[in-house]
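Ready for some practice in reading a protein structure? Work through the exercises below with the viewer open, and try each task before you read its solution.

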Amino acid sequence: MQTIHGKYAVITGAGRGIGRSTAIALAREGVNVALLGKTIENLQSVQKEIDSYGVQSLAIQMDVKDASNVQSAIQEVLQTFGAVDILINNAGIGAYGKFMELTEDEWDNVYEVNVKGVLRVTQAVLPHMIDRRTGDIINISSTSGLRGTEGSSAYSATKFALHGLTESLMKEMRKHKIRVQSLSPSRVITDFGGGKNRLTDEEAEHFMQAEDVADVIVSKLKLHPRMFVKHSELWATDPQ
Ligand SMILES: NC(=O)c1ccc[n+]([C@@H]2O[C@H](COP(=O)([O-])OP(=O)(O)OC[C@H]3O[C@@H](n4cnc5c(N)ncnc54)[C@H](OP(=O)(O)O)[C@@H]3O)[C@@H](O)[C@H]2O)c1
């Protein structure tokens with residue numbers, strides 16, 4: 001195991017859900033965190049939550065659909081922190097509906113965020129990681145990216161694409177000592193797709209929580225730099 005204390009991380013979609021919990025878990029480990037996402041108020045509120053951990057933090061509004069916005073956000077991180085050791089590509093949206101009812105605009109929108117968003121942020125960060133011959137990139141995919149389910153063709157297609165992107169990039173980056181990996185949770189109780197609204201608190205307790213995913217992320221980052229876990233599937237033990 002290695003310590004991650006003092007490293008610099010970028011987390012997309014850090015204002016709520018899995019991104020927020022990851023930011024808090026990393027800050028608790030002494031990692032300096034750049035919180036990137038669409039809603040600045042959410043990012044600032046996470047920034048307040050991690051204040052007591054004594055790490056540097058940045059809250060930057062960034063829409064992963066906007067290429068110039070992504071470039072300027074990553075430039076700001078690099079100028080302020082001077083380094084990025086860890087990139088967590090977490091920002092993502094759902095798109096649900098029967099295949100014949102989903103419009104091409106809905107397909108484009110979810111692809112822009114879940115696939116091209118990852119492409120844009122990663123291309124902005126990678127040259128810096130390659131120069132330093134170190135880095136960790138964790139792409140948050142989904143079990144929907146491993147098997148299709150009724151009513152999730154568009155979302156599922158983006159997460160299948162993300163697995164292909166991640167594995168190819170992993171093979172290109174190993175020689176630069178950059179670890180690229182993906183994490184596929186099944187259902188996690190966040191606001192994603194209005195998830196929690198359909199469950200009572202008692203029911204929700206049986207499913208994975210955002211903090212659980214954050215724990216896995218931290219443990220993967222702490223592995224000795226000579227190895228990594230290419231992909232992990234996360235399941236609730238007994239969702240009932
Ligand atoms: N929850 C689950 O059951 C589950 C299961 C498997 C995988 N996942 C994946 O886990 C990731 C996080 O999901 P979550 O459950 O934490 O969902 P969430 O609570 O809805 O959070 C999604 C985050 O993504 C950000 N985001 C969305 N569109 C963006 C854009 N265009 N630019 C920048 N940021 C954007 C949101 O920012 P704002 O706050 O500004 O809207 C928010 O912070 C997603 O990639 C999702 O596909 C979730």
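**Exercise 1.** How far does a polar side-chain atom of Lys159 lie from an oxygen atom of the ligand?

*Solution.* Keep in mind that this is a predicted model. Start by finding Lys159, then pick out its polar side-chain atom: the distance to a ligand oxygen is 3.0 Å. A polar contact needs N or O atoms within 3.5 Å, so this pair can be held against that cut-off. Next, try two other residues. The side chain of Thr39 has an N or O atom 2.5 Å from an oxygen atom of the ligand. Asn90 uses its backbone instead, with an N or O atom 2.8 Å from a ligand oxygen.

**Exercise 2.** Describe the surroundings of the ligand.

*Solution.* First, locate the site: the ligand sits in the largest pocket. Second, look for the elements that give two or more residues to the shell around it; these are α1 (17-28) and α5 (153-173). Third, sort the shell residues by type, which gives 11 nonpolar, 12 polar and 6 charged. Among the 29 residues around the ligand, those that come nearest are Thr39, Asp63, Tyr155, Val188 and Thr190.

**Exercise 3.** Which parts does the salt bridge between Lys222 and Glu29 tie together?

*Solution.* The structure holds 9 salt bridges. In one of them, the side chains of Lys222 and Glu29 meet at 3.0 Å, N to O. Now place each partner: Lys222 is in the loop between α7 (210-221) and β9 (231-234), and Glu29 is in the loop between α1 and β2 (32-37), so the pair links parts 193 residues apart in sequence.

How values were computed:
Residues numbered from 1 in each chain as written. Predicted model: local features only at pLDDT ≥ 70, side-chain atom pairs only at ≥ 80, totals over all residues. Heavy atoms only, no water. Near = heavy atom within 4 Å. Polar contact = N/O pair within 3.5 Å; in protein donor to acceptor, adjacent residues only side chain to side chain. 1 Å grid on protein atoms, 1.4 Å probe; cavity = no way out; pocket = protein on both sides within 12 Å on 5 of 7 lines; lining within 4 Å. Sits in = over half its atoms within 2 Å of the grid points. Helix = DSSP H or I, 4+ residues; strand = E, 2+ residues; numbered from the N terminus. Nonpolar A, V, L, I, M, F, W, Y, C, P; charged D, E, K, R; others polar. Salt bridge = Lys/Arg side-chain N within 4 Å of Asp/Glu carboxyl O.
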